[in-house]
Each structure stands twice: as C-alpha cells, then as structure tokens.
Amino acid sequence: MPYVIAEPCIDVMDKSCVEECPVDCIYEGDRKLYINPKECIDCGACEPVCPVEAISQDRRVPEEYTAFVDDNNEFFTGVLSGRDKPLGTPGGAHKTGPIGVDTALVADK
Ligand code: SF4
Ligand code: SF4
C-alpha cells in the first residue's frame, strides 16, 4: 500500500517529505511532487512532516482526493508532456533531478 501525495502539495512543494524518504522515491514535477508506487516501501516517514497534510497511505486518501491515487501512478506509467516514454522506475529522484512537468490532472488545477 504505497503512500500518495494529493492536491494540497500543488504550488507548496517545500520538499520536507523528500528529506525523510529512505528510498528517494519522491519525484518533483512542475507544481507538485509524486511518490513512485513501485519504489515506495510504505514506511510512513514522509506523512507527518508535510505542512499541508498532502500525504497519506493510498487506502486512507481523503475522499475528495481519491483521483490522486491513480494520478501518482500515472506520473510514472503514462507519457508526460514533452517526453517520448514513461518515467517508469528510475531508482531515485536524485538521479533524475526535477522532472519539471506535471500530469494532466495537476496541470489543469
Ligand atoms: S512512505 Fe516511506 S518510502 Fe514511501 S514515499 Fe514516504 S518516506 Fe518514501
Ligand atoms: S512535504 Fe507536502 S507540501 Fe511539501 S513537497 Fe512534500 S507533499 Fe508537497
């Protein structure tokens, strides 16, 4: 059950969560961060440090934000704007650096 970042992160992006993640699986888009569900080890370390309570385990995401469960996955499995293939499982956000683009759901917010 991976953790998920929902709408409150948009345009906040202070990256407190990134500092806590032991497997470096929180990736930076343009206006929001995304947790790679295949790389997240479900430790929960990121959840309490988020100043806007944007992070929760996928089955505990507040009802108004359930679309963000699929959307976090979409960031890695879909083809983002300006790219020719999915990000997949790059093995660490420090390796990729900021991705600089968001999913369509987030870009439209
Ligand atoms: S739950 Fe743990 S592994 Fe998953 S994103 Fe948060 S800090 Fe990283
Ligand atoms: S701590 Fe919360 S607001 Fe800050 S980047 Fe992470 S998810 Fe976004």
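**Close-ups of a predicted two-ligand model**

In the protein chain, take the contacts between residues at least 6 apart in sequence: 70% of them join residues at least 24 apart. Keep in mind for every panel that this is a predicted model.

**View 1. The whole chain, with four helices and four strands.** Reading from the N terminus, the order of elements is β-α-β-β-β-α-α-α. The radius of gyration is 12 Å, against the 13 Å that the globule rule gives for 109 residues, so the chain is as compact as a globular protein of that length. If you want box dimensions, the C-alpha trace covers about 35 × 30 × 25 Å along its principal axes. As for burial, 31% of the 109 residues are buried.

**View 2. Ligand 1 and the 14 residues that surround it.** Four cysteines, Cys-21, Cys-40, Cys-43 and Cys-46, are listed with Tyr-3 as the closest residues. Sort the shell by class and you get eleven nonpolar residues, one polar and two charged.

**View 3. Ligand 2 and its own shell of 14 residues.** Here the closest residues are Cys-9, Val-12, Ser-16, Cys-17 and Cys-50. The class split for this shell reads eleven nonpolar, one polar and two charged.

**View 4. Asp-11, a non-glycine residue with a positive phi.** Most residues other than glycine have a negative phi, and that's why a positive one gets a panel here. For Asp-11 the angle is about 65 degrees. Zoom out a little and you find Asp-11 in the loop between β1, residues 3-5, and α1, residues 16-20. Is Asp-11 buried or exposed? Asp-11 has 10 other C-beta atoms within 10 Å, and because a residue with 12 or fewer counts as exposed, Asp-11 is exposed.

**View 5. Met-13, with a positive phi of about 45 degrees.** Met-13 isn't a glycine either, and its place is in the loop between β1 and α1. How many C-beta neighbours does Met-13 have inside 10 Å? The count is 18. Buried would take 20 or more and exposed 12 or fewer, so Met-13 ends up as partly exposed.

Technical notes: Residues are numbered from 1 along each chain as its sequence is written. Chains are lettered from A and ligands numbered from 1 in the order in which they are written. This is a predicted model: local features need pLDDT of at least 70, side-chain atom pairs count only at pLDDT 80 or more; totals for chains, interfaces and linings use all residues. A residue is near a molecule or strand if its C-beta atom, placed from the backbone, lies within 6 Å of it. Ala, Val, Leu, Ile, Met, Phe, Trp, Tyr, Cys and Pro count as nonpolar, Asp, Glu, Lys and Arg as charged, and the others, Gly among them, as polar. Helices (H or I, at least four residues) and strands (E, at least two) are DSSP runs, numbered from the N terminus. The radius of gyration is taken over C-alpha atoms; the globule rule is 2.2 Å times the number of residues to the power 0.38. Two residues are in contact if their C-beta atoms, placed from the backbone, lie within 7 Å.
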